[in-house]
Amino acid sequence: MRLGYFTMPVHPVDRNWAETLKEDRQAVILAEYRGIGVGRVTDLRSRARKSGVYLRVLKNTLARRAVKGTPFEKLSGQMVGPLMYGIAQDPVAGAKVIAAFAKDNELFVIKGGAMANTLMSVPEVKALATM
């Protein structure tokens, strides 16, 4: 029995993420969340929501497609592993939320980020959080 190829439909929430990214967003920050409990992630989402940061866990393939043709396209090389994507209108607010959570949770590791047409390393994201 041969199984044919099929394409998985894109979930509407994931499609909205791609559209959100194309809006007037200033920063995207990537962090690995491997080993973090659901309760802690819920706490992070709550903090992020209060600061105007949009958090999402996505398949990296979908994220790469979403950033293609946007000012964040350079970020696609860093999209490896289980990542949480933080999208912020205010880059400092986004970096502060992600960096503060990473400081309190050693399993939550910042992997990098980007502002429009500029790739940021981990130290640059942490420096942005101190502003």
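## A tour outward from helix H4

Begin by selecting Val 92, which is partly exposed because its relative accessible area of 21% is not under the 20% that would make a residue buried. The model you have open is a predicted one, and this first residue lies in helix H4, the helix to which several later stops return.

Keep Val 92 selected and show whatever touches this side chain or backbone, ignoring neighbours within four places in sequence: the residues in contact with Val 92 are then Leu 128 and Met 131. If you now add Lys 126, you can check a distance in the viewer, since the C-alpha atoms of Val 92 and Lys 126 are separated by 9.7 Å although the two residues stand 34 residues apart along the chain.

**Step back to the whole chain**

Before going further, colour the model by its helices and strands, and you should find 5 helices and 5 strands in the protein. Followed from the N terminus, these elements run in the order α-β-α-β-α-β-α-β-β-α. Of the 131 residues in the protein, 40% are buried. Among the contacts between residues at least 6 apart in sequence, 81% join residues that are at least 24 apart.

**H4 and H5**

Next, select helix H5, residues 122–129, together with H4, and turn the view until you can follow both axes, which come within 7 Å and cross at roughly 105°. That angle makes H4 roughly perpendicular to H5. Which residues make the contact between them? On the H4 side you can pick out Pro 91, Val 92, Ala 95, Lys 96 and Ala 99, and on the H5 side Val 125, Leu 128 and Ala 129. Sorted by class, this contact of H4 with H5 has 7 nonpolar residues, no polar ones and 1 charged residue.

**H2 and H4**

Now hide H5 and bring in helix H2, residues 38–51, alongside H4, residues 91–104; the axes of these two helices come within 10 Å and cross at roughly 155°. Are H2 and H4 roughly parallel or roughly antiparallel to each other? The angle of roughly 155° is over 145 degrees, and H2 and H4 are therefore roughly antiparallel. Their crossing is right-handed. To see the contact itself, select Arg 40, Asp 43, Leu 44, Arg 47, Ala 48 and Ser 51 of H2, and then Ala 93, Val 97, Ala 100, Phe 101 and Asp 104 of H4. The residues of this contact of H2 with H4 divide into 6 nonpolar, 1 polar and 4 charged.

**The aromatic pair**

Stay with Phe 101, one of the H4 residues in the contact with H2, and add Phe 108 to the selection. The structure holds 1 aromatic pair, and the rings of Phe 101 and Phe 108 form an edge-to-face pair because their planes stand at 85°, with the ring centres 4.9 Å apart. Both partners can be looked at for burial too: Phe 101 counts as buried at 1% relative accessibility, and Phe 108 counts as buried at 3%.

**Into strand E4**

Move on to Ile 110, which is found in strand E4 and which, at 6% relative accessibility, counts as buried. Leaving aside neighbours within four places in sequence, Ile 110 is in contact with Ile 29, Leu 30, Ala 31, Ile 98, Ala 99, Ala 102, Val 122, Val 125 and Lys 126. Add Glu 32 as well, and the C-alpha atoms of Ile 110 and Glu 32 turn out to be 6.3 Å apart in space, while the residues are 78 apart in sequence.

**The last stop**

Finally, select Asn 117, which is found in the loop between strand E4, residues 109–115, and strand E5, residues 118–120. What is the phi of Asn 117? This angle is near 60°, a positive value in a residue other than glycine.

Definitions and conventions: Residues numbered from 1 in each chain as written. Predicted model: local features only at pLDDT ≥ 70, side-chain atom pairs only at ≥ 80, totals over all residues. Heavy atoms only, no water. Phe/Tyr/Trp six-rings, centres within 6.5 Å; stacked < 30°, edge-to-face > 60°. Buried < 20%, exposed > 50% of the residue type's maximum accessible area, 1.4 Å probe, protein only. Axes fitted to C-alpha atoms, helices over the stretch in contact; angles between N-to-C directions. Helix = DSSP H or I, 4+ residues; strand = E, 2+ residues; numbered from the N terminus. Parallel < 35°, antiparallel > 145°, perpendicular 65-115°, else oblique. Left-handed = near helix turned anticlockwise from the far one by under 90°. Contact = heavy atoms within 4.5 Å. Nonpolar A, V, L, I, M, F, W, Y, C, P; charged D, E, K, R; others polar.
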